[in-house]
Amino acid sequence: MINVKLALSAVLAEIASWSSLWLLHNHSDAALLSYLAAHALASVLLALCLSPFLMLAAGARRQRLPLVALMALLSYAVPVVGFVGSVIATVALLRRRGLTARREFSSLPLPEFDPHQQASGSRRQAGLQSFLANQAVPVPLRMRSLAALGHVSGRIASPMLRMALSDSSDDLRLLAYSMLDAQERQLSQSIHQELQALERARTVEGETIGPRGLRAAWALSDLYWELIYQGSAQGDVRDHAIKQSLHYCNRVLSQHPDTALLQLRKGRLLHLLADDEGAQSCYQRALELGLPAPRVIPYQAELLFKQRQFAKVQELMRRLEDQQVMPRLRPCIQYWSAS
């Protein structure tokens, strides 16, 4: 876009240079010096006015000063013709080279997204944590974003809600606390209901619980595990939830030891309790019972990595090369397979 002020100043300075010859008498030295000074100013102003177009056409910042100096010198050395010629040369140069420069970044390819994340809505949640932590964002906007976490799984929502508990806004902290409390209260209510169901089943079926009692025990193991998985249980409460989930898991396995999902559950609970040998045994048993390798091997590899058995980790991860795994696990498999 042309700088109108510079263009107008250049034209007025050029008019003033020719007017000075008439006002100060054509043959006087003062008239000549006045003309040269005004004409030099007009030439510089014209060059500065056209310099943005030169920059666009040339496409290189380092060429800007030489081109501006050349245009000013041409306008100064050749009165009138040089002034008009500079404008024509700029337009010609712009038409010849400017279009290519403008097309250089005319379009950009869209980034590739993980289709699994896109389907589950994770892409929309990726920047939510940084958005909530940004104190420059108005509180009403952050509160609406926080309220939207009520429609997100607890595994994703709980860490962000706990982060919001330390926010500077009282309203935001109160909303985060109420949402966390609602999650925990819902799980606690479900646990209470299943405990009552287990007690009723024990009354009817005896200490060696039957089908009703087994269903209640399995549900209790699931619910206590959900407390751990969602991050709702912290500290001592988390340790209690791990032990309770393991207790009810063992009660079901005592009568149905060939349940692959519960063998995996028991392995993960023992893993959290730092019983590496017991966890590895349960993982291996889950594989033997037919659980898909991608669901078990990553946990086995994690245990072996902690024990610094890197050769065995590599061997396990290579078994997953031809398996259908989650896209987030694929880079880890590629790393261990390439090493």
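Helix α10 buries Leu172, Ala176, Met179, Leu180, Gln183, Leu187, Ile191, Leu198 and Ala201, where buried means under 20% relative accessible area, exposed over 50% and partly exposed in between, with a 1.4 Å probe and protein chains only. Helices are DSSP runs of H or I with at least four residues, strands are runs of E with at least two, and both are numbered from the N terminus. The model is predicted: local features need pLDDT of at least 70, side-chain atom pairs count only at pLDDT 80 or more, and totals for chains, interfaces and linings use all residues. Residues are numbered from 1 along each chain as its sequence is written, and side-chain values use heavy atoms, with hydrogens and water left out.

α10 has 36 residues and spans 51 Å from its first C-alpha to its last, close to the expected 52 Å at 1.5 Å a residue; the expected span is 1.5 Å times one less than the number of residues. The cover over its buried residues includes α8, α9, α11 and α12 (236–253). After α10 comes Gly206, with a positive phi near 90°.

α8 and α10 pack at about 5°, with axes 10 Å apart. That makes α8 roughly parallel to α10, a label for angles under 35 degrees. Arg142, Met143, Leu146 and Ala147 of α8 meet Asp171, Leu172, Leu175, Ala176 and Met179 of α10; contact means heavy atoms within 4.5 Å. The residues of this contact divide into 7 nonpolar, no polar and 2 charged.

Helix α9 (residues 154–164) has Gly154, Ala157, Ser158, Met160, Leu161 and Ala164 as its buried residues. These pack against α7 (128–133), α8 (139–148), α10 (170–205) and α11 (211–230).

Gln263 lies in helix α13 (residues 260–272) and counts as buried at 10% relative accessibility. Its side chain reaches the backbone oxygen of Pro257 at 2.9 Å. Leaving aside residues up to four places away in sequence, Gln263 touches Leu253, Pro257, Cys282, Arg285, Ala286 and Leu289.

Most residues other than glycine have a negative phi. Two loop residues with positive phi are listed below.

| Residue | Phi | Loop | Relative accessible area |
|---|---|---|---|
| Ala274 | about 65° | between α13 and α14 (276–288) | 55%, exposed |
| Arg308 | near 65° | between α15 (293–306) and α16 (310–318) | 62%, exposed |

Methods: A polar contact is a pair of N or O atoms within 3.5 Å; within protein, one must be able to donate a hydrogen and the other to accept it, and residues adjacent in sequence count only if both atoms are side-chain atoms. Axes are lines fitted to C-alpha atoms, for helices over the stretch in contact, and angles run from 0 to 180 degrees between N-to-C directions. Angles under 35 degrees count as roughly parallel, over 145 as roughly antiparallel, 65 to 115 as roughly perpendicular and the rest as oblique. Ala, Val, Leu, Ile, Met, Phe, Trp, Tyr, Cys and Pro count as nonpolar, Asp, Glu, Lys and Arg as charged, and the others, Gly among them, as polar.
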